[in-house]
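I am opening a notebook on this structure and will write down what I look up, step by step. I begin with the place where the protein chains meet and then turn to the DNA.

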There are 2 protein chains.
Amino acid sequence: MSNPAEKPGIPAVLPQASPLPAAQPTIERLSRYRRALKVALRDGATQIFSHQLAKLTGATAAQVRRDLMVVRVAGSPRYGYDIAALTEAITAYLLGGREGRRAVLVGLGRLGRAMLSYFVSRRPGLSIVAAFDTDPSKVGRVVEGCRCFPLEELAMRMAGLGTAVAIIAVPAKAAQSVADLLVCAGVTGIANFAPVSLDVPPDVFVENVDLTMSLEKVAYYAHRPAKAAGG
Amino acid sequence: MSNPAEKPGIPAVLPQASPLPAAQPTIERLSRYRRALKVALRDGATQIFSHQLAKLTGATAAQVRRDLMVVRVAGSPRYGYDIAALTEAITAYLLGGREGRRAVLVGLGRLGRAMLSYFVSRRPGLSIVAAFDTDPSKVGRVVEGCRCFPLEELAMRMAGLGTAVAIIAVPAKAAQSVADLLVCAGVTGIANFAPVSLDVPPDVFVENVDLTMSLEKVAYYAHRPAKAAGG
DNA sequence: TTGTGTGAAACCGTTCACAGCG
DNA sequence: CGCTGTGAACGGTTTCACACAA
């Protein structure tokens with residue numbers, strides 16, 4: 001964590017090695033930048049300007065430049081940013097390196113299976129390595145290349161997996177108990193698709209992906225004058 | 001839009017009839033309050049305090065009270081808010097009345113079907129009344145009680161439906177052209193599940209539900225010290 | 001006395017504007 | 001000359017704090 005060249009007791013002025021913290025909206029946009037950069041790279045581009053990346057992701061040029069400060073990649077006024085370098089830097093920043101992160105999925109209902117196929121088809125730097133369910137008809141099956149285990153084995157299996165990320169796609173009633181299990185198993189980040197707010201320790205991050213809420217928001221703004229926005 | 005008792009040219013000081021505008025975060029929380037209130041009502045409660053509603057939804061009491069200002073429902077210091085009245089007021093505010101809003105779904109892949117079953121099983125005040133797809137094997141089928149029509153018929157069918165809300169669940173490549181079709185058909189609110197940012201007129205609201213982004217955010221915070229948060 | 005309703009303050013993210021550089 | 005990097009200003013949301021009501 002500490003710079004070797006750093007004098008003892010005197011904090012480094014520019015901590016180059018340790019990643020800079022960033023606000024949640026910035027993290028979200030970095031993820032979009034990453035995807036847009038991959039597309040641009042596939043299309044044959046090698047450099048990109050902030051205003052181009054902005055247009056691709058629905059942001060502003062100033063916003064892009066501000067966001068990119070945290071990943072510590074310099075752009076040139078002449079050629080813009082190097083797409084490959086920037087992609088790698090963002091990947092390292094968000095996912096801790098090229099190999100990405102591993103996640104587990106709890107709940108193999110329709111939504112869970114949709115998530116599986118979604119993340120198997122594209123390789124977003126994040127892979128689902130195991131699934132869990134209580135339904136005996138699902139346990140043992142291999143869905144989208146991912147084996148389903150009984151929920152009781154969660155703690156045991158997670159110990160060897162070393163994954164900190166989990167997806168909850170179970171009915172609302174079961175979500176809290178699943179969250180408790182996951183937290184016990186060492187999970188520190190949860191994507192929660194169940195329509196309940198989970199009670200977890202403060203060091204565990206929960207992202208509530210609330211489909212009902214998203215649709216109701218759209219319904220609200222569909223019937224009011226409002227600026228277009230992205231979430 | 002104008003109050004009948006209002007003097008001509010003089011704006012009403014307190015426009016009671018027309019709904020107050022609210023910020024996006026407030027809209028999102030109102031949706032969560034609505035769901036929590038329904039659960040509380042089903043559990044037999046009839047009144048609720050702001051701090052209780054806050055605990056149920058992961059907000060703070062002050063936040064709840066501030067949010068509820070826009071729906072113009074008064075609570076009593078002794079008994080709190082009337083759950084039934086509050087639910088009705090929020091429903092009216094978000095969805096324009098008890099009957100709710102109608103939406104159409106474009107794209108009957110795994111994600112689209114998951115959305116269908118999700119919104120058929122619970123009745124969130126929002127119903128999906130038609131689906132569209134280009135795949136001939138899907139067209140004509142009735143999935144989860146919802147008929148699938150060919151995409152070419154979208155404009156024609158939407159004319160009679162009078163729906164302003166649409167869900168895009170098609171591959172990224174097709175999303176923009178589908179959005180164009182929907183906008184032409186009069187849609188003013190879109191929930192976009194495709195991982196691209198859509199280009200739409202400024203009066204059309206787009207909510208990007210970006211599953212990759214959500215998971216990457218979780219992955220990021222799973223490996224950093226951060227406060228738990230809900231989105 | 002506890003909780004509501006709400007002005008006012010604090011906070012945080014976005015936008016502006018410009019120096020610096022290729 | 002146009003773009004990057006960034007301090008500073010701005011605007012909006014959250015939080016505070018307190019008058020008021022039951």
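How many residue pairs are in polar contact across the interface of chain A and chain B? I keep in mind that this is a predicted model, and I find 28 such pairs, with both residues at pLDDT 80 or more.

**Entry 1: the two protein chains.** I looked up which elements of chain A give two or more residues to the side that touches chain B, and I noted the helices α1 (24-42), α2 (50-57), α4 (83-95), α5 (110-121) and α8 (211-222), together with the strands β7 (165-168), β8 (189-192) and β9 (205-208). Of these, α8(A) gives the most, with 12 residues. When I sorted the residues on this side of chain A by character, I got 40 nonpolar, 14 polar and 17 charged.

**Entry 2: extent and charge pairs.** I then looked up the contact itself and found that 71 residues of chain A are in contact with 71 residues of chain B. I noted that the size of an interface is often given as the accessible area lost when the parts come together. For chain A and chain B the buried area is about 6,500 Å², and 59% of it lies on carbon and sulfur atoms. I also searched this interface for salt bridges, and the rule finds 10 of them. As one example I wrote down Arg110(B) and Glu144(A), whose side chains meet in a salt bridge at 3.2 Å from N to O.

**Entry 3: DNA strand D.** Which residues come nearest to DNA strand D? Of the 22 residues around the strand, I listed Ser50(A), Arg66(A), Gly75(A), Tyr81(A) and Arg29(B) as the nearest, a list that draws on both chains. Sugar and phosphate make up 60% of the strand's atoms that come within 4 Å of the protein.

I followed this up by checking phosphate oxygens of DNA strand D against single side chains. An N or O atom in the side chain of Ser50(A) is 2.6 Å from a phosphate oxygen, while for Arg29(B) a polar side-chain atom lies 2.8 Å from one. For Gln63(B) I noted 3.3 Å between a side-chain N or O atom and a phosphate oxygen of the strand.

**Entry 4: what the surface near the strand is made of.** I found that α2 and α3 (61-68) of chain A, along with α1 (24-42) and α3 (61-68) of chain B, each supply at least two residues of the surface near DNA strand D. The largest share, three residues, comes from α3(B). By character, I counted nine nonpolar, seven polar and six charged residues on this surface.

Methods:
Residues numbered from 1 in each chain as written. Chains lettered and ligands numbered in written order. Predicted model: local features only at pLDDT ≥ 70, side-chain atom pairs only at ≥ 80, totals over all residues. Heavy atoms only, no water. Contact = heavy atoms within 4.5 Å. Buried area = accessible area lost by both parts, 1.4 Å probe. Salt bridge = Lys/Arg side-chain N within 4 Å of Asp/Glu carboxyl O. Polar contact = N/O pair within 3.5 Å; in protein donor to acceptor, adjacent residues only side chain to side chain. Helix = DSSP H or I, 4+ residues; strand = E, 2+ residues; numbered from the N terminus. Nonpolar A, V, L, I, M, F, W, Y, C, P; charged D, E, K, R; others polar. Near = heavy atom within 4 Å.
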